[in-house]
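Let's take a walk through this protein together, one piece at a time. Keep the sequence and the 3D view at hand as you read.

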Amino acid sequence: MRRIPLAASAAVLTALLLVLTACGPGTPEPTKTPKPSASPTASATPTPTPEPAPVAATCENIVSPATIAGFAAVGIQITPPADFHAKLASEGNAMAVFFDVGGVLCQTGQGFGAYEIYGYGILSAAQFAPVRNQFVSEGYMEVEGDSGVGYEVPSDMEGLPRYCYFRVDEFTVCGNDDVRVSEIMSTLGLS
């Protein structure tokens, strides 16, 4: 075994005592650096889901996809709405108001023959008044319903059969018959 010189042992012992006395009572503890406290996070407020913008009425989305497919299957075409609007406006036809209120009125046909007219719009009583007057002057029958008024072309009248249902400030729906009107109301979720 090897002996450690006495002077070296004394130096090690002194260093050890210094270390031990530095941690003993009465000796101030080393200053601790405070840890940054977590700042309170703002509670997340849920972002409201924006309401979807209303979808503009078109000749294709106010009736069922089956109706559109049925038209295409037999070669029935939809007149471009802008063209039909221009035609109605140039004739002074009160039905042009459907376009003026952001609705649509659709004319379908094959070649030069008209097949059907159907449409949807939200009309006030004042906006509908010229349409009503036109219907009445053309011989439409006015039929009061539970929550609206229907206008129907008599069966003995020449031209396209038409049926329109008007609810002031809610909707006006037109079609060749009450079946098409019901389809449009169902497609658009109207009741």
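Start with a single residue, Gln-134: at 12% relative accessibility, Gln-134 counts as buried, because the cut-off for buried is under 20%. You'll find Gln-134 in helix H5, which covers residues 125-137. What does Gln-134 touch, once residues up to four places away in sequence are set aside? The list is Gly-92, Asn-93, Ala-94 and Met-95. One thing to keep in mind as you look around is that this is a predicted model.

Now zoom out. The protein has six helices and seven strands. Reading from the N terminus, the elements go α-α-β-α-α-β-β-α-β-β-β-β-α. There are 191 residues in the protein, and 31% of them count as buried. If you take the contacts with a separation of 6 or more, 47% come from residues 24 or more positions apart.

The strands come next. Seven of them make an open sheet with antiparallel pairing, in the order E1-E2-E3-E7-E6-E5-E4. Where does this sheet have its edge strands? They are strand E1 (77-78) and strand E4 (141-144), and each of these pairs on one side only.

Let's go in from the E4 edge. E4 runs antiparallel to E5, and four bridges join the two. They form a hairpin, with four residues between them. Here Met-141 stands opposite Glu-152 in E5. On the next step, strand E5 (residues 149-152) is joined to strand E6 (residues 163-167), again by four bridges and again antiparallel. Glu-152 turns up here too: its bridge partner in E6 is Tyr-163.

Helices lie against this sheet as well. Helix H3 (residues 81-91) packs on the sheet, where it touches E2 and E3, and its direction makes about 100° with that of E2. Helix H2 (residues 65-73) lies across E1, strand E2 (104-110) and strand E3 (113-121), and runs at about 165° to E3.

Follow the chain on from E6 and you come to the loop between E6 and E7, which is where Asp-169 is found. Is Asp-169 buried or exposed? Asp-169 counts as exposed, because its relative accessibility is 54% and the cut-off for exposed is over 50%. Its backbone is worth a look too: Asp-169 has a positive phi of about 60°, although it is not a glycine.

Past that loop lies strand E7 (residues 171-175), with Cys-174 in it. Cys-174 has a relative accessibility of 1%, so it counts as buried, the cut-off being under 20%. Leaving aside neighbours within four places in sequence, Cys-174 is in contact with Met-95, Phe-98, Ile-117, Tyr-118, Gly-119, Tyr-163, Cys-164, Val-181 and Ile-184. Tyr-163, the bridge partner of Glu-152, is in that list. Cys-174 and Tyr-163 are 11 residues apart in sequence, and their C-alpha atoms are 5.6 Å apart in space.

For another strand residue, go to Gln-107, whose place is in strand E2. Gln-107 is buried, because its relative accessible area is 15% and buried means under 20%. With neighbours within four places in sequence left out, its contacts are Gln-77, Ile-78, Thr-79, Phe-84, Ala-114, Glu-116 and Ile-117. Ile-117 is a contact of Gln-107 and also of Cys-174.

On to helix H6 (residues 178-188), where Ser-182 is found. Ser-182 is partly exposed, because its relative accessible area of 45% falls between the cut-offs of 20% and 50%. Try tracing the path from Ser-182 to Val-63: they are 119 residues apart in sequence, yet 9.7 Å apart in space, C-alpha to C-alpha.

Finally, have a look at the second largest pocket, which holds about 180 Å³ of space. Which residues lie nearest its centre? They are Val-55, Ala-56, Ala-57, Gly-102 and Tyr-120, out of 13 residues that line the pocket. By class, the lining has nine nonpolar residues, four polar ones and no charged ones.

Conventions
Residues numbered from 1 in each chain as written. Predicted model: local features only at pLDDT ≥ 70, side-chain atom pairs only at ≥ 80, totals over all residues. Heavy atoms only, no water. Pairing = 2+ DSSP bridges. Contact = heavy atoms within 4.5 Å. Axes fitted to C-alpha atoms, helices over the stretch in contact; angles between N-to-C directions. 1 Å grid on protein atoms, 1.4 Å probe; cavity = no way out; pocket = protein on both sides within 12 Å on 5 of 7 lines; lining within 4 Å. Points joined across faces, edges and corners; volume = space filled by probe spheres on them. Nonpolar A, V, L, I, M, F, W, Y, C, P; charged D, E, K, R; others polar. Buried < 20%, exposed > 50% of the residue type's maximum accessible area, 1.4 Å probe, protein only.
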